[in-house]
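Morning, everyone. Please have a look at the structure on the screen, and then I'll talk you through some helices and one loop residue.

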Amino acid sequence: MIRCYKESGYFVCFDLESGQMLRGSMTGEEPFWNRRGPELLDISITNYCERNCDFCYRETSSNGTFMPLEQYTKIIAQAETAGVLQVALGGGNPNQHPDFVSILEVTRKHHIIPSYTTNGQGMTDEIYNATKCYCGAMAVSWYEPYSEATQVIKNCQERDIKVNIHYLLHRNNIRVATEMLRRPPAFLQQVNAIVFLNYKPVRSPRSLCLMDTCELDDFLSAVQVFRGCKIGFDSCMISYLAKIEAALAVSTIDFCEAGRFSAFISESGNMYPCSFMCDGDTAGIDLNLISLEDAWRYGDSLQKMRHRLSGPSRQKYPIEDCKKCDQFSMCHGGCPIFPINRCGGREKDATAFSG
């Protein structure tokens, strides 16, 4: 499928089966945002989870709630109208939603590709079958007990389901991640990709945030020589990846897409620029009171995010040196919200965002 967004100055080539996408400029300039609507929605359909991980950025527990299927169906219908291409289902542990299979089915019925990340618990034959039928891909979180993740990988391999590993990277496990890349276990041959996610100190200590150290250099060196499977990163890692920009395919890199091409919807139906703002001071946009398209175009928190990310002439620089840094075109200052960037010094302004 090809879509042309003339008012936004770019086009998209999108694979309706796999969810793979190519974005290209129609003006010669890098596209900044989609005025029609988000390309990707990150939707939390539950904050139910039995793990109680101390690094979790959401208020998840075994007492968590579930988004009603009727509410999800309404949101997805509006998402189709707004031109959404993909939905990433999260939580909590999304596959433990009692209507999870129906959620996957209704997403496809509205011509949107679903994917999801599981912690490994609650996977059943019915869910694996629905995943193969409806999803572009799925991911399993990589943390102890690893046996649950490796079992999911094995089950996906047996069913020919594309599966990724989501690896939350922080100061205490970066050495383990480096060792995993240098001496890859055999099961990585069954994985499509390892996606490294930069740790965010939302409800957990800043002492776990990554730093520009020799351990980081060792990790980035291991990334460049690893050939066991694909490697990906969330855009929150971009300030660190700038160190190895020459080794990366520039066409695959983009800075923070929150409010530009993606948004987050909580299990209560509130819309935010990104999921890491959900349980903070930022006010969500209640989709029970406003349409998804209007929330995207006119919502205060989304407009504020775009203003922060809109370039050298308008961005509120948390770090003065961003103005003259030769890596700005790739990094754009990194995360505009949290103090998780390689250059540091973002604490003063990072905590001041509210909407």
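Let's start with a pair of helices. α1 and α2 are roughly parallel to each other. Why do we call them roughly parallel? Because their angle is about 20 degrees, and angles under 35 degrees count as roughly parallel. Their axes are 10 Å apart. Keep in mind that this is a predicted model.

Now the handedness. α1 passes α2 in a right-handed crossing. Which residues meet there? From α1, which spans residues 69-82, we have Leu69, Tyr72, Thr73 and Ile76. From α2 come Ser102, Ile103, Val106 and Thr107. Sort the residues of this contact by type, and you get 5 nonpolar, 3 polar and no charged.

Next pair: α5 and α6. α5 covers residues 174-182, and α6 covers residues 214-225. They pack at an angle of about 25 degrees, with their axes 9 Å apart. So these two are roughly parallel to each other as well. The crossing of α5 past α6 is left-handed.

Who makes the contact? On the α5 side: Ile174, Arg175, Ala177, Thr178, Leu181 and Arg182. On the α6 side: Glu215, Leu216, Asp218, Phe219, Ala222 and Val223. The split here is 7 nonpolar, 1 polar and 4 charged.

Now a single helix, α3, residues 125-134. Which of its residues are buried? Ile127, Tyr128, Ala130, Thr131 and Tyr134. They sit on the same side of α3, because they cover an arc of only 165 degrees around the axis. A general reminder: an α-helix has 3.6 residues a turn, so residues three or four places apart point the same way.

And the other side of α3? There, Glu126, Asn129 and Cys133 are exposed. What covers the buried residues? The cover includes α2, β6, β7 and α4. We met α2 a moment ago, in its contact with α1.

Last stop: Gln20. Where does Gln20 lie? In the loop between β2 and β3. Its relative accessible area is 48%, so Gln20 is partly exposed. What does Gln20 touch, leaving out residues up to four places away in sequence? Cys13, Phe14, Asp15 and Lys162.

One distance to finish. Gln20 and Asn288 are 268 residues apart in sequence. In space, C-alpha to C-alpha, Gln20 and Asn288 are 31 Å apart.

That's my tour. Thanks for listening.

Note on methods. Residues numbered from 1 in each chain as written. Predicted model: local features only at pLDDT ≥ 70, side-chain atom pairs only at ≥ 80, totals over all residues. Heavy atoms only, no water. Buried < 20%, exposed > 50% of the residue type's maximum accessible area, 1.4 Å probe, protein only. Helix = DSSP H or I, 4+ residues; strand = E, 2+ residues; numbered from the N terminus. Arc of directions from axis to C-beta. Contact = heavy atoms within 4.5 Å. Axes fitted to C-alpha atoms, helices over the stretch in contact; angles between N-to-C directions. Parallel < 35°, antiparallel > 145°, perpendicular 65-115°, else oblique. Left-handed = near helix turned anticlockwise from the far one by under 90°. Nonpolar A, V, L, I, M, F, W, Y, C, P; charged D, E, K, R; others polar.
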